[in-house]
Amino acid sequence: AMLPAWHPLAAQPSVDPAALSDLPLLAWPRPLVPDEVDHILARLGEAGWRGSLGPAIEDGMVIGQMIAAGAGWAYVSDTYDGLLPPSLVVRPLTRGAGAPYVAHLLVRHDAPACTTLVAEVLRDAVVAVAEQLDERVTAA
């Protein structure tokens, strides 16, 4: 969860999704990424979150600015930790609601076959690295 650094939940090492139910979830517009938004809402709902979506925002920097101002929170991977300005923090979500590693790779429908092949190899490599990272985290 990306939160404003001053929020009381930001002081905790991890956050129960149910504790975020009073804050709007700031996310991309659903029509742009319907499967992703549905997946996030399902994961959060299974973990006890009963909140609502805030305004749909197409700009990640604007989402960060709104969070810093206290307008809500965002569902992000823990990999954002350490990459944000001091006004924002990332805390892992409990109850299995954490954001998995996500990589989006887009290839034009009319791309040459060699481009598609490179994209498939790159996708497979990213998946393999993510699985290794998950194994390391689980073993720790």
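A salt bridge is taken here as a side-chain nitrogen of Lys or Arg within 4 Å of a carboxyl oxygen of Asp or Glu. By this criterion the structure holds one salt bridge. The pair is formed by Asp38 and Arg30, whose closest N and O atoms are 2.6 Å apart. Asp38 is partly exposed, with a relative accessible area of 34%, and Arg30 is partly exposed as well, at 40%. Relative accessible areas were computed with a 1.4 Å probe on protein chains only; buried stands for under 20%, exposed for over 50%, and partly exposed for values in between.

The model is a predicted one, in which local features need pLDDT of at least 70 and side-chain atom pairs count only at pLDDT 80 or more, while totals for chains, interfaces and linings use all residues. Residues are numbered from 1 along each chain as its sequence is written, and side-chain values use heavy atoms, with hydrogens and water left out. The confidence of the predictor in each residue is given by pLDDT, on a scale from 0 to 100. The chain has a mean pLDDT of 84, and 88% of its residues reach 70 or more.

Secondary structure was assigned from DSSP runs numbered from the N terminus, with helices (H or I) of at least four residues and strands (E) of at least two. The chain contains three helices and two strands, in the order β-α-α-β-α from the N terminus on. Among these elements, the lowest mean pLDDT (74) belongs to helix α3 (residues 113-139) and the highest (95) to β1. Of the 140 residues in the chain, 29% are buried. With contact defined as heavy atoms within 4.5 Å, 71% of the contacts between residues at least 6 apart in sequence join residues at least 24 apart.

Helix α2 spans residues 60-68, and its buried residues are Ile63, Gly64 and Ile67. These residues lie on the same side of α2, because they cover an arc of only 100° around the axis; the arc is that of the directions from the helix axis to the C-beta atoms. An α-helix has 3.6 residues a turn, so residues three or four places apart point the same way. Met61 and Gln65, on the other side of α2, are exposed. The cover over the buried residues of α2 includes β1 (2-4) and β2 (88-90).

Polar contacts are pairs of N or O atoms within 3.5 Å; within protein, one atom must be able to donate a hydrogen and the other to accept it, and residues adjacent in sequence count only if both atoms are side-chain atoms. One such contact is found at the start of α2, where a side-chain oxygen of Asp59 reaches to within 2.8 Å of the backbone nitrogen of Met61. After α2 comes Gly70, with a positive phi near 90°.

The loop between β1 and α1 (34-46) includes His7. His7 is buried, at a relative accessible area of 16%, and its side chain reaches the backbone nitrogen of Leu9 at 3.0 Å. Trp6 is placed in the loop between β1 and α1 and is exposed, with a relative accessible area of 55%. Outside its neighbours within four places in sequence, Trp6 is in contact with Ala68, Ala69 and Gly70. The side chain of Trp6 reaches the backbone oxygen of Ala68 at 3.0 Å. The C-alpha atoms of Trp6 and Pro86 are 9.9 Å apart in space, the two residues being 80 residues apart in sequence.

Ser21 likewise belongs to the loop between β1 and α1. Its side chain reaches the backbone oxygen of Ala18 at 3.1 Å and the backbone nitrogen of Arg50 at 2.8 Å. Residues up to four places away in sequence being left out, Ser21 touches Gly48, Trp49, Arg50 and Gly51.

Rings of Phe, Tyr and Trp (its six-membered ring) were paired if their centres lie within 6.5 Å, with planes under 30 degrees apart counted as stacked, over 60 as edge-to-face and the rest as tilted. One aromatic pair results from this rule. The ring centres of Trp49 and Trp73 are 6.3 Å apart and the planes stand at 75°, so the pair is edge-to-face. Distant parts of the chain are linked by the pair, with Trp49 in the loop between α1 and α2 and Trp73, 24 residues apart from it, in the loop between α2 and β2. Trp49 and Trp73 are both buried.
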